[in-house]
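Visitor: I should like to learn how the surroundings of a bound ligand and the pockets of a model are read. Please begin with the ligand.

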Amino acid sequence: ANPDAPPQTLSARSLEALAQYIKDGRAKKIVVMVGAGISTSAGIPDFRSPETGLYANLARLNLPYAEAVFDISYFRNNPEPFYTLAQELYPGKYRPTITHSFVNLLHKKGLLLKLFSQNIDCLEREAGVPADMIVEAHGSFAKQSCIDCKKPYPEERMQEAIQKKWVPRCLDLSCNGLVKPEIVFFGEQLPADFFENRSLPSEADLAIVMGTSLSVHPFASLPQLCEDRTPRLLINSEKVGDLGGRPDDVLMLEDCDSGVRKLAEACGWLEELEALWAKT
Ligand code: CNA
């Protein structure tokens, strides 16, 4: 597609035109795709932002390369760095952002087809989005199991292990394998839920991509599955993926929370959104 061609679905390539499209009732099946950037204002660092991102701050863990902390073959021999980090990321300490509440608002209005999240912080659920509306593409801290025999491991013991920074092992002593939260590491398969839902973007009438560098595959290819004429909105500090490359793409290169407030305002939903967020 020629990005400079006039839009085919929107009346213009602007936030106002996009809000009008929503207000006209033409966006009823919205697919939202998010990453760590929607949780940074909650206090959880993302991976790749220079200086503040986790990867920039992993020197203390003595890793051969930053991604090793989430690499399954590295974890097998060196589980400690992951458990050091897990203590910082473990759910329960953080409040959802207004961006999380915005997704919940779309759901309450019956407009959300699916939320695809790469995050493992569970803040989408905590904001009120029902579990069956979320594809946790990279898993989450909600369950844990042995990496060898796959036996589930009790949550209370995992919480204790994370607090006390010890490395949990399979309760089956004949196995004694390492236990880890069911978050997807590099080198592991994505959950079946991802593959079962991955074609949904092609059915969407609007895609909203927020807070992701779109650098991890296969998640990164989801926005490309939207039909050419389907408007795609990016709210992110930087341009990512192929967003901006189609005539009906709208870019808001800014902070997620401020971008979401502007979108809600343009749709006439800002008060409702603030009230919903205040309750979380
Ligand atoms: P990433 O690669 O760190 O990219 C984050 C993106 O968001 C970058 O493009 C940033 O510029 C942008 N960004 C950061 N803060 C903001 C903000 N306030 N407003 C707008 N844009 C912002 O993270 P991805 O999610 O794309 O990478 C995929 C990894 C990161 C997944 O496997 C996650 O599991 C993993 N991760 C998750 C969490 C979490 O659960 N909160 C935290 C850190 C990493």
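Guide: A polar contact is a pair of N or O atoms within 3.5 Å; within protein, one must be able to donate a hydrogen and the other to accept it, and residues adjacent in sequence count only if both atoms are side-chain atoms. Here a backbone N or O atom of Cys256 lies 3.0 Å from a nitrogen atom of the ligand. From the side chains, an N or O atom of Ser237 is 2.8 Å from a ligand nitrogen atom, and a polar atom of Asp121 lies 2.6 Å from a nitrogen atom of the ligand.

Visitor: How much of the ligand's accessible area does the protein cover?

Guide: Accessible areas come from the Shrake-Rupley method with a 1.4 Å probe; for residues, only the protein chains shown count as cover. On its own the ligand has 860 Å² of accessible area, of which the protein covers 93%. This is a predicted model, in which local features need pLDDT of at least 70 and side-chain atom pairs count only at pLDDT 80 or more, while totals for chains, interfaces and linings use all residues. Residues are numbered from 1 along each chain as its sequence is written, and side-chain values use heavy atoms, with hydrogens and water left out.

Visitor: Which residues are closest to the ligand?

Guide: A residue counts as near if one of its heavy atoms lies within 4 Å of the molecule. The ligand is surrounded by 27 residues, the closest being Arg48, Asp121, His138, Ser213 and Glu238.

Visitor: How is a pocket defined, and which one does the ligand take?

Guide: On a 1 Å grid over the protein atoms alone, a pocket is an open set of points where a 1.4 Å probe fits, with protein on both sides within 12 Å along at least five of seven lines; lining residues have an atom within 4 Å of a point. A molecule sits in a pocket if more than half of its atoms lie within 2 Å of its grid points. The ligand takes the space of the largest pocket, with a volume of about 840 Å³. Among its 43 lining residues, Gly35, Ala36, Asp46, Phe47 and Asn119 are the closest to the centre.

Visitor: What lines the second largest pocket?

Guide: Its lining has 24 residues, with Gly139, Ser140, Glu182, Ile183 and Pro191 closest to the centre. Strand 4 gives the largest share, six residues; strands (E, at least two residues) are DSSP runs, numbered from the N terminus.

Visitor: Which backbone features stand out from the general pattern?

Guide: Most residues other than glycine have a negative phi, and most peptide bonds are trans. Lys150 has a positive phi of about 70°, and the peptide bond from His217 to Pro218 is cis, with omega near 5°.

How values were computed
Points joined across faces, edges and corners; volume = space filled by probe spheres on them. Helix = DSSP H or I, 4+ residues; strand = E, 2+ residues; numbered from the N terminus.
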